[in-house]
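Hi everyone, thanks for making time for this. I'd like to walk you through a structure that's probably new to you, so please have it open while I talk.

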Amino acid sequence: MPSLLSSTEIEYELAHIHDNRAPNVVISAAICISLAITAVLLRLLARRLSKARILADDYMILFALIICMGQVAACLYSVHLGAGKHVILLKDPAAYAKTIIAMEVLYCIGTAAFKYSALLLFHRIFGSVPRFTAFLWCFAFVILANNIAEVFLSIFQCTPVHKAWDLNVEGSCVNILLAACIPGSLNVISDVVTFLLPIPLIWNLHMERNRKIQLVGIFLLSGLYVPHQRSLSLQSSQRHHADPANLTKASA
């Protein structure tokens, strides 16, 4: 593993061998998952207090939370392997690379599940508006296609696949950051569209202005889950591009 680094990089890492941002990663993960769990529990509590049934959008957000927990578990395991420290301290570079790929896949699934939960909620409330319903279906397809593309890009970034964590294997890899620009940008745009989607309909409701503002705020608060997911995926967004020598730089 150290042989993949230049002599200058090795000298720098040895000189800063005690640098450690692992606690930052752990604290961020703990705070984010705590907020996500609290938000979902409060949602279910509100359902119970209002004696409302648990519906499809609630089950979908529970599924998204479970995926989120898996992402957090992968994040903490990456810390165990050396995330947040210099690359020469990695315990198992191959396992670390596999863990980062798993985090990317879980991120794609989790964000898609959250957005589908929001779309199901919007359909339940505004499903009587034909044009809005048609747009929801089209938007749902765009989200599905984009996240499938991201999952495939994460898994099959190298040919053969295992070259992503084994440089001794002959083959080639794409520039994962460059290749992910389009689906990543679409993901951010879909985040914004999901948050803003119900606002025009809410604003046209016949109710007091203050009540409309409260409803808009409630829908926007539901978007807290995606920033949480995205914060956990930051350490994988600048990863190795099939070069394990750079595996922990995004974390360190």
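Before anything else, one bit of vocabulary: when I say that two residues touch, or are in contact, I mean they have heavy atoms within 4.5 Å. And please keep in mind that this is a predicted model.

Let's use that word straight away, on Thr-194. This residue sits in helix α7, which covers residues 181–196. Leaving aside residues up to four places away in sequence, Thr-194 touches Lys-115, Ala-118, Phe-122 and Phe-139. Is Thr-194 buried or exposed? It's buried, because its relative accessible area is 2% and the cut-off for buried is under 20%. There's also a polar partner: a polar atom of the Thr-194 side chain lies 2.6 Å from the backbone oxygen of Ser-190.

Okay, let's zoom out. The chain has 252 residues, and 41% of them count as buried. It contains 10 helices and two strands. If you read along the sequence, you get five α, then β-β, then five more α. Contacts reach far along the chain too: taking those between residues at least 6 apart in sequence, 73% join residues at least 24 apart. As for the outside, the accessible surface comes to about 13600 Å², and carbon and sulfur atoms account for 68% of that.

What does the database record say? An unreviewed UniProt entry lists residues 25–46, 58–80, 100–122, 134–156 and 176–203 under "transmembrane region". I looked at two of those spans in the model. Residues 100–122 are 100% helix and 0% strand, with the end C-alpha atoms 33 Å apart. For residues 134–156, it's 96% helix and 0% strand, and the end C-alpha atoms are again 33 Å apart.

Now for my favourite part, the charges. How many salt bridges does a search of the whole structure find? Six. I'll show you three of them, and we'll start with Asp-58. Its side chain meets that of Arg-43 in a salt bridge, at 2.9 Å from N to O. That pair links distant parts of the chain, with Asp-58 in helix α3 (residues 56–81) and Arg-43 in helix α2 (residues 22–49), 15 residues apart.

Asp-58 has a second partner: its side chain also forms a salt bridge with Arg-47, at 2.9 Å, N to O. Here too helix α3 is tied to helix α2, with Asp-58 and Arg-47 11 residues apart. Where do these side chains stand in terms of cover? Asp-58 and Arg-47 are both buried. Asp-58 gets that label because its relative accessibility is 0%. Arg-43 is at 25%, so it counts as partly exposed.

The third one joins Arg-124 to Asp-57, at 3.1 Å, N to O. This pair spans 67 residues along the chain, from Asp-57 in helix α3 to Arg-124 in helix α4 (residues 93–126). Asp-57 is buried, since its relative accessible area is 1%, while Arg-124 is partly exposed because it has 37%. And if you put these together, Arg-43, Arg-47, Asp-57, Asp-58 and Arg-124 are linked in a network of salt bridges.

From charges to the greasy side. Which residues form a nonpolar patch on the surface? Leu-144, Ile-148, Phe-152, Ile-155 and Phe-156 do, with about 450 Å² of accessible area together. Leu-144 lies in helix α5, residues 130–155, and it counts as partly exposed because its relative accessibility is 41%.

Back to helix α2 for a moment, where we find Val-25. Val-25 counts as buried because its relative accessibility is 15%. Its C-alpha atom is 8.0 Å from that of Cys-75, and the two residues are 50 apart along the chain.

Last, two backbone oddities to click on. The peptide bond from Thr-159 to Pro-160 is cis, with omega near -5°. Pro-160 is in the loop between β1 (158–159) and β2 (172–173). The other is Lys-51, which has a positive phi of about 60° although it isn't a glycine. You'll find Lys-51 in the loop between α2 and α3, and it counts as exposed because its relative accessibility is 78%.

That's my tour, so let's hear your questions.

Technical notes. Residues are numbered from 1 along each chain as its sequence is written. This is a predicted model: local features need pLDDT of at least 70, side-chain atom pairs count only at pLDDT 80 or more; totals for chains, interfaces and linings use all residues. Side-chain values use heavy atoms; hydrogens and water are left out. Patches are made of residues with over 30% relative accessible area and no salt bridge: like charges are joined within 9 Å, nonpolar side chains (Val, Leu, Ile, Met, Phe, Trp, Tyr) within 5 Å. Accessible areas come from the Shrake-Rupley method with a 1.4 Å probe; for residues, only the protein chains shown count as cover. A salt bridge is a side-chain nitrogen of Lys or Arg within 4 Å of a carboxyl oxygen of Asp or Glu. Helices (H or I, at least four residues) and strands (E, at least two) are DSSP runs, numbered from the N terminus. Buried means under 20% relative accessible area, exposed over 50%, partly exposed in between (1.4 Å probe, protein chains only). UniProt positions are given in the numbering used here, feature names are shortened, and annotations may be inferred rather than shown by experiment. A polar contact is a pair of N or O atoms within 3.5 Å; within protein, one must be able to donate a hydrogen and the other to accept it, and residues adjacent in sequence count only if both atoms are side-chain atoms.
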